[in-house]
Amino acid sequence: MPPSAPAWCIANGVQALDTARQVILHAGDGGFTMLLGEFMTAVEHKLPVKVVVYDNSTWGLVHLEMEGAGVPPSEGASFPNLDFATFAQACGARGFTARKPHELTAAVDAWLAEPGPAILHAVVNPDEIPAMPHIDPGQALRFGISKVKQAFGALTRRG
């Protein structure tokens with residue numbers, strides 16, 4: 001189960017217990033997409049959960065897991081996303097988007113000021129490596145092997 005799955009359930013549950021306190025959920029695009037219905041639940045029950053969706057158009061943690069095993073990411077591990085701000089609007093909520101760093105402050109301010117549930121669609125660099133809680137030396141070695149394989153694969157495709 002992706003990290004966003006239990007987080008969504010917990011966020012909605014905690015927000016239902018106390019709608020006066022702000023619950024903010026941070027989700028990757030892949031995990032969020034798998035559980036779009038949970039946002040619709042927040043809208044239906046008027047839970048003012050704020051969700052920031054980090055959009056790198058890829059299964060980022062899946063890539064890291066593959067690379068941690070020494071395997072370059074395979075085809076099908078990237079995908080085009082829906083517009084998450086438009087999805088929020090289609091559900092009857094508000095959606096905001098930040099595609100460039102200079103747009104972030106205004107988008108966050110508007111997103112947090114929204115009284116009901118809202119989504120902040122944050123487009124991020126797909127090449128940025130997320131911070132992992134711990135990496136052992138074997139994983140680091142296999143990550144390096146994967147990167148070398150990717151580099152050689154790119155060279156042979158250009159060929």
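pLDDT is the predictor's confidence in each residue, on a scale from 0 to 100. You'll want that term right away, since what you're looking at is a predicted model. Among the elements of the chain, strand β3 (residues 94–98) has the highest mean pLDDT, at 98, while helix α4 (residues 60–68) has the lowest, at 65. The chain as a whole averages 83, and 76% of the residues score at least 70.

**The overall layout**

- There are seven helices and four strands in the chain.
- Reading from the N terminus, the elements go α-β-α-α-β-α-α-β-α-β-α.
- The chain has 159 residues, and 35% of them count as buried.
- Take the contacts in the chain with a separation of 6 or more: 73% of them are between residues 24 or more positions apart.
- The accessible surface adds up to about 9400 Å², and carbon and sulfur atoms account for 62% of that.

**The nonpolar cores**

- The largest nonpolar core is made of 19 residues.
- Want to know where to look inside that core? The residues with the most contacts there are W8, F32, F39, V49, V51 and I119.
- Five elements are listed as giving two or more residues to this core: α1, β1 (24–28), α3 (36–44), β2 (50–55) and α5 (84–90).
- A second core, separate from that one, has eight residues, including F96, W111, A118 and A122.
- V51 makes a good spot to zoom in on: setting aside residues up to four places away in sequence, V51 touches W8, L25, F32, F39, W111, A118, I119 and L120.

**Helix α3 and what comes after**

- Which residues of α3 are buried? They are F39, A42 and V43.
- If you look down the axis of α3, those buried residues fall within an arc of 100 degrees, so they line one face of the helix.
- Past the end of α3 comes K46, which sits in the loop between α3 and β2.
- K46 isn't a glycine, yet its phi is positive, near 55 degrees.
- For background, most residues other than glycine have a negative phi.
- Is K46 buried or exposed? With a relative accessibility of 66%, K46 is over the 50% cut-off and so counts as exposed.

**Q15, tucked into helix α1**

- Q15 is part of helix α1, which covers residues 4–17.
- The relative accessibility of Q15 is 0%, so this residue counts as buried.
- What is Q15 in contact with, leaving aside its neighbours within four places in sequence? The list is R21, Q22, V23, L47, P48 and V49.
- V49 on that list is also one of the residues with the most contacts inside the largest nonpolar core.

**The salt bridge**

- How many salt bridges does the count come to? The count is one.
- That salt bridge joins the side chains of R94 and E114, at 3.2 Å from N to O.
- The pair ties together distant parts of the chain, with the two residues 20 residues apart.
- R94 belongs to strand β3, and E114 lies in the loop between α6 (104–113) and β4 (118–123).
- R94 has a relative accessibility of 40%, so R94 counts as partly exposed.
- E114, at 17% relative accessibility, is under the 20% cut-off and therefore counts as buried.

Key
Residues are numbered from 1 along each chain as its sequence is written. This is a predicted model: local features need pLDDT of at least 70, side-chain atom pairs count only at pLDDT 80 or more; totals for chains, interfaces and linings use all residues. Side-chain values use heavy atoms; hydrogens and water are left out. A salt bridge is a side-chain nitrogen of Lys or Arg within 4 Å of a carboxyl oxygen of Asp or Glu. Buried means under 20% relative accessible area, exposed over 50%, partly exposed in between (1.4 Å probe, protein chains only). Contact means heavy atoms within 4.5 Å. A nonpolar core is a set of buried Ala, Val, Leu, Ile, Met, Phe, Trp, Tyr and Cys residues joined through side-chain atoms within 4.5 Å. The arc is that of the directions from the helix axis to the C-beta atoms. Accessible areas come from the Shrake-Rupley method with a 1.4 Å probe; for residues, only the protein chains shown count as cover.
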